[in-house]
Amino acid sequence: MNNSAGQPGPWQRPTAPRAPGRFGRLWLKLKHSPAWVAPAALLTCFLGLAATVLATNPTDDLGPTTCAFKLVTGFDCPGCGGTRAFYYVLTLNLPEAARNHAIAVFAAPFLAYLYLSWALRRVFPSVKWRLPQFRITASMASMFLIAWGGYWVIRNLPFAPFTLLYV
């Protein structure tokens, strides 16, 4: 407790405001950075991922699988085929992309539109014309996750015609 002069008592240590640590300084820099930094950083990460996928060609099937879920259970995981589908989308082979992971190919245009509408609003806040904002509600997200889970179960069924979905 402080005395009437505002000084700490004899049993208290004086507390000076702490300088922000490494992550605190990074957060302050990011918080006060220009509006275009976040969309540019996200686009840079995406382009780096796309370049890596194109350079490594995940469709060549060299060696055993690296998917821990498939190694343990023997089943395809919910995202199995997603990287190959992404590779085929980048090379504009949409039928093969859909064969590897139809749900990912279905979601890709929505994700691209969400990014574009967000980035344009953030980078050009004073522009009057804007893309309509696509709002994802809880029920939409739930329906997508249910469809994704259903697709996951169906593609692991061991009899025809579901064996056509095996990748």
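How does Tyr-115 count at 22% relative accessibility: buried, partly exposed or exposed? Tyr-115 comes out as partly exposed, on a scale where buried means under 20% relative accessible area, exposed means over 50% and partly exposed is in between (1.4 Å probe, protein chains only). These legends go with a predicted model, in which local features need pLDDT of at least 70, side-chain atom pairs count only at pLDDT 80 or more, and totals for chains, interfaces and linings use all residues. Residues are numbered from 1 along each chain as its sequence is written, and side-chain values use heavy atoms, with hydrogens and water left out.

**View 1. The whole chain: seven helices and zero strands.** Read along the sequence, the pattern is simply α-α-α-α-α-α-α. Helices (H or I, at least four residues) and strands (E, at least two) are DSSP runs, numbered from the N terminus. Of the 167 residues, 16% count as buried. Take the contacts (heavy atoms within 4.5 Å) with a separation of 6 or more: 53% of them come from residues 24 or more positions apart.

**View 2. Tyr-115 and Trp-118, a ring pair within helix α6.** Both residues sit in α6 (residues 102-123), three residues apart, or about one turn of the helix. Rings of Phe, Tyr and Trp (its six-membered ring) pair if their centres lie within 6.5 Å; planes under 30 degrees apart count as stacked, over 60 as edge-to-face and the rest as tilted. Here the ring centres are 6.0 Å apart with planes at 55°, so this pair is tilted. Trp-118, at 33% relative accessibility, is partly exposed.

**View 3. More aromatic pairs, from a search that finds six in the whole structure.** The rings of Tyr-87 and Tyr-88 have centres 5.6 Å apart and planes at 70°, so they meet edge-to-face. Both Tyr-87 and Tyr-88 are buried. Elsewhere, ring pairs join Phe-106, Phe-110 and Phe-134 into a cluster. Phe-110 belongs to helix α6 and is partly exposed, at a relative accessible area of 37%. Phe-110 and Phe-134 are 24 residues apart along the chain, and their C-alpha atoms are separated by 8.7 Å.

**View 4. Helix α2 crossing helix α4.** Two packed helices are described by the angle between their axes and the distance between the axes. For α2 (residues 37-56) and α4 (residues 82-90), the axes come within 10 Å and cross at roughly 95°. The axes are lines fitted to C-alpha atoms, for helices over the stretch in contact, and the angles run from 0 to 180 degrees between N-to-C directions. That makes α2 and α4 roughly perpendicular, going by cut-offs of under 35 degrees for roughly parallel, over 145 for roughly antiparallel, 65 to 115 for roughly perpendicular and oblique for the rest. On the α2 side, look for Phe-46, Leu-49, Ala-50, Val-53 and Leu-54; they meet Thr-83, Phe-86, Tyr-87 and Leu-90 of α4. These contact residues split into eight nonpolar, one polar and no charged. Ala, Val, Leu, Ile, Met, Phe, Trp, Tyr, Cys and Pro count as nonpolar, Asp, Glu, Lys and Arg as charged, and the others, Gly among them, as polar.

**View 5. Helix α2 against helix α6.** The two axes come within 9 Å and cross at roughly 145°. Ala-38, Pro-39, Leu-42 and Leu-43 make the contact from α2, with Tyr-115, Trp-118, Ala-119, Arg-122 and Val-123 on the α6 side. The tally for the contact is eight nonpolar, no polar and one charged.

**View 6. A salt bridge in helix α5, between Arg-99 and Glu-96.** Side chains of opposite charge can pair when their charged atoms come close. The rule for a salt bridge is a side-chain nitrogen of Lys or Arg within 4 Å of a carboxyl oxygen of Asp or Glu, and the count comes to one. Arg-99 and Glu-96 meet at 3.1 Å, N to O. The two lie three residues apart in α5 (residues 94-100), about one turn of the helix. Arg-99 is partly exposed at 37%, and Glu-96 is partly exposed at 24%.

**View 7. Arg-155, a buried residue in helix α7.** Helix α7 covers residues 138-155, and Arg-155 has a relative accessible area of 1%. Not counting residues up to four places away in sequence, Arg-155 touches Asp-76, Cys-77, Pro-78, Cys-80, Asn-100, His-101, Phe-162, Leu-165, Tyr-166 and Val-167.
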